[in-house]
Amino acid sequence: MAKGAFKQKLGLVDLSLLGIGSMIGSGWLYAALTSSGYAGAQTGWAWILGAIIVLMIGLVFAELSAAIPRAGGFVRYPNFSHGNVVGFVIGVSSLLAYTSTAGVEVEAVRQYAQYWWPGLSHTDGSPTAAGFLIQILLLVGFFLLNYWSVSVFGRVNTLITTFKFVVPLLTIATLFMYYHGANLDVPPPPPGGAHGIFTSLTGAGIVFAYLGFRQAVDFASEAKNPQRNVPLSIMIAIAVSFVIYIALQYAFMGAVPSEALTAHGWDGLKQIFQSPYADLARSLGITWLINLILVDAVISPAGTGNIYLAGASRVLFAWARNGHLFKIFGELDPKSGVPRGALWLSLILAIAWTLPSEFQVWGGLIGAVTSATVFTYMPGPVTLGAFRRHLPGMARPFRLPLASVLSPLAFVASTLLIYWSGWSVNELLIPVFILAWLGYVIFAKKTATSARDLKSSWWLLVYYILILVISYLGTFGGINAIGSPTDMILAAVAALVCYYWGVATSLPVPEIKDHEELTD
């Protein structure tokens with residue numbers, strides 16, 4: 001088979017719109033209602049905190065991706081800095097995170113589409129047979145859009161993202177005309193306060209709504225001038241999305257009819273607002289806005305699902321290039337420059353995520369997907385610390401300011417997001433990663449570097465075990481044996497110990513591979 005190469009076709013605008021298009025998906029349709037149910041009027045602080053945390057993490061990857069542009073960089077960088085054990089385990093977390101997100105988005109499309117086709121959902125919101133079929137057909141459509149070339153994919157995304165901008169902005173302007181400032185005086189449901197703010201970061205989909213910044217990293221090999229455009233697009237995407245989200249949050253809270261808020265409270269609104277903005281517009285009698293939101297509620301998450309299916313294929317491609325997946329998934333089609341084998345696998349796995357399970361409704365998936373995604377971000381700061389230590393002379397077109405402070409802080413922030421996801425999520429995900437670590441160490445073919453890679457990976461196993469134990473004992477869904485804020489302090493201390501351990505035991509000579517994939 002002829003050797004393929006990525007086509008460097010994506011400019012700054014394309015990369016920025018990939019990030020923004022990923023963020024303005026299903027998150028804006030549900031997060032305002034769900035987060036106000038946790039923190040009431042204080043949920044604005046959750047949006048601010050979420051943006052700060054994601055920006056810190058994003059700037060870490062801005063340095064890494066500008067210095068070493070690689071498709072699926074989140075999977076490749078840990079392998080470069082810590083060897084095959086860490087690379088394999090992070091690949092598992094990436095596999096779960098990326099392939100599931102497209103499933104989340106088609107769930108959102110189906111839940112809003114039931115307004116026109118009630119037969120798509122059961123009374124509890126779960127999909128009927130027709131609903132499953134629609135979800136699968138959507139994923140097949142995304143697959144076809146991605147199959148032909150990155151140029152076609154980029155043009156389609158630009159058109160969809162432009163539309164996705166217009167509807168939230170019109171929604172904000174319209175709802176502020178019905179704003180009731182007294183709504184913000186209604187107290188949040190218990191426990192509220194800081195606990196409600198932290199819980200809403202993951203449980204309400206706030207961090208999930210910001211996660212699209214990663215697309216610029218995943219498509220770095222297909223970017224024009226990635227050293228400049230990848231870092232800039234990360235910052236642009238986060239900044240623009242934050243402004244839109246915070247305005248949507250307060251427009252929603254202020255426009256809720258006072259009588260409904262008095263009768264139900266913030267946490268009870270979900271009983272009357274099944275599709276938040278459409279139902280709110282209906283309660284206010286704004287017919288044109290209802291129809292516009294319902295159209296966008298299908299297009300917006302569909303566009304995001306399209307991006308994430310493409311991103312998943314780049315991650316699977318990267319995992320194969322690391323040597324942890326069959327070689328066919330690490331090959332590029334010579335004509336299109338698309339990793340078609342990995343794209344086929346992404347489609348199959350995304351369909352699997354839409355099959356019946358306890359997480360089959362949008363809200364049930366969000367905590368798990370957010371946490372799984374943050375597990376893929378978590379090693380980035382450790383890799384940055386390792387490269388700063390072992391490769392001080394590396395060309396860094398973007399250099400993270402105060403890296404010795406911000407890099408460990410980003411690692412702590414990632415850890416707290418994982419912890420705030422709660423025991424019900426962590427008890428499912430973390431054992432999978434522990435088993436992946438053990439399975440690779442025990443069963444993988446032994447090579448000349450196996451002992452070295454094992455030494456560089458112990459910190460990761462200990463990290464998983466510590467966070468699992470603290471999550472079980474803590475106040476976020478655990479048994480409350482450790483109170484707040486002691487539980488969060490312990491999680492932060494455990495993170496710092498593992499961060500510096502991970503940096504200290506990284507490969508003395510990082511193994512950075514596959515430069516040839518960058519050229520057309």
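So, pLDDT is the predictor's confidence in each residue, running from 0 to 100. I start there since what you see above is a predicted model. The average pLDDT over the protein is 86, and 92% of the residues score at least 70. One stretch to treat with care is residues 358–365, where pLDDT is below 50, although the model still gives that stretch 23 contacts beyond near neighbours in sequence. Another is residues 516–520: pLDDT stays under 50 there too, and the model has 19 contacts for them beyond four places in sequence.

Okay, on to the inside. The largest nonpolar core has 153 residues. Which of them touch the most other members? Those are Phe213, Tyr245, Phe252, Phe375, Trp420, Tyr463 and Tyr464. If you ask which helix gives the most to this core, it's helix 14, residues 287–321, with 15 residues. Then there's a second core, separate from that one, with 14 residues; Ala102, Phe143, Tyr147 and Leu309 are among them. As general background, nonpolar side chains in soluble globular proteins tend to be buried together.

Let me pick out a couple of buried residues. Serine 16 sits in helix 1, which covers residues 12–23. Is serine 16 buried or exposed? Its relative accessible area is 7%, so serine 16 is buried, as the cut-off for buried is under 20%. And what does serine 16 touch, leaving aside neighbours within four places in sequence? Its contacts are Ser233, Ile236 and Ala237.

The other one is proline 127, in the loop between helix 5 and helix 6, the latter being 129–147. Proline 127 comes in at 4% relative accessibility, so it also counts as buried. Its C-alpha is 9.3 Å from the C-alpha of threonine 354, and along the chain those two are 227 residues apart.

Next, the second largest pocket. How much space lies in it? About 240 Å³. There are 15 lining residues, and the closest to the centre are Asn84, Tyr440, Ala444, Lys445 and Ser450. Three elements give two or more residues to that lining: helix 5 (84–113), helix 19 (423–443) and helix 20 (450–455). Helix 20 gives the most, with three residues. Sorted by class, the lining is five nonpolar, seven polar and three charged residues.

Now some backbone oddities, for anyone who likes scrolling through loops. Where are the cis peptide bonds to look at? One joins proline 190 and proline 191, with omega about 0 degrees. Proline 191 is in the loop between helix 7 (150–175) and helix 8 (193–203). Another joins serine 484 and proline 485, and there omega is about 10 degrees. For that one, go to the loop between helix 21 (458–473) and helix 22 (486–504), which is where proline 485 is found.

Then we have positive phi angles at residues that aren't glycine. Asparagine 225 has a phi of about 45 degrees. You'll find asparagine 225 in the loop between helix 10 (214–218) and helix 11 (226–255). With a relative accessible area of 42%, asparagine 225 is partly exposed. Leucine 402 is the next case: not a glycine, and yet its phi is positive, about 50 degrees. Its loop runs between helix 17 (379–390) and helix 18 (403–420). Buried or exposed? Leucine 402 has 63% relative accessibility, so it counts as exposed; the line for exposed is drawn at over 50%.

Last bit: two loops we've already visited, and some distances across the model. Back between helix 7 and helix 8, there's glycine 181. At 41% relative accessibility, glycine 181 counts as partly exposed. How far apart are the C-alpha atoms of glycine 181 and leucine 490? They are separated by 39 Å, with their positions 309 residues apart along the chain. And back between helix 21 and helix 22, have a look at alanine 481. Alanine 481 counts as exposed, at 54% relative accessibility. From alanine 481 to glutamine 8, C-alpha to C-alpha, is 53 Å in space, and the two are 473 residues apart in sequence.

That's my tour. If you go back to the model, keep in mind that residues 358–365 have pLDDT below 50, and that residues 516–520 stay under 50.

Terms used:
Residues are numbered from 1 along each chain as its sequence is written. This is a predicted model: local features need pLDDT of at least 70, side-chain atom pairs count only at pLDDT 80 or more; totals for chains, interfaces and linings use all residues. Side-chain values use heavy atoms; hydrogens and water are left out. On a 1 Å grid over the protein atoms alone, a cavity is a set of points where a 1.4 Å probe fits but cannot get out, and a pocket is an open set with protein on both sides within 12 Å along at least five of seven lines; lining residues have an atom within 4 Å of a point. Grid points are joined across faces, edges and corners, and a volume is the space filled by probe spheres set on the points. Helices (H or I, at least four residues) and strands (E, at least two) are DSSP runs, numbered from the N terminus. Ala, Val, Leu, Ile, Met, Phe, Trp, Tyr, Cys and Pro count as nonpolar, Asp, Glu, Lys and Arg as charged, and the others, Gly among them, as polar. Contact means heavy atoms within 4.5 Å. Buried means under 20% relative accessible area, exposed over 50%, partly exposed in between (1.4 Å probe, protein chains only). A nonpolar core is a set of buried Ala, Val, Leu, Ile, Met, Phe, Trp, Tyr and Cys residues joined through side-chain atoms within 4.5 Å.
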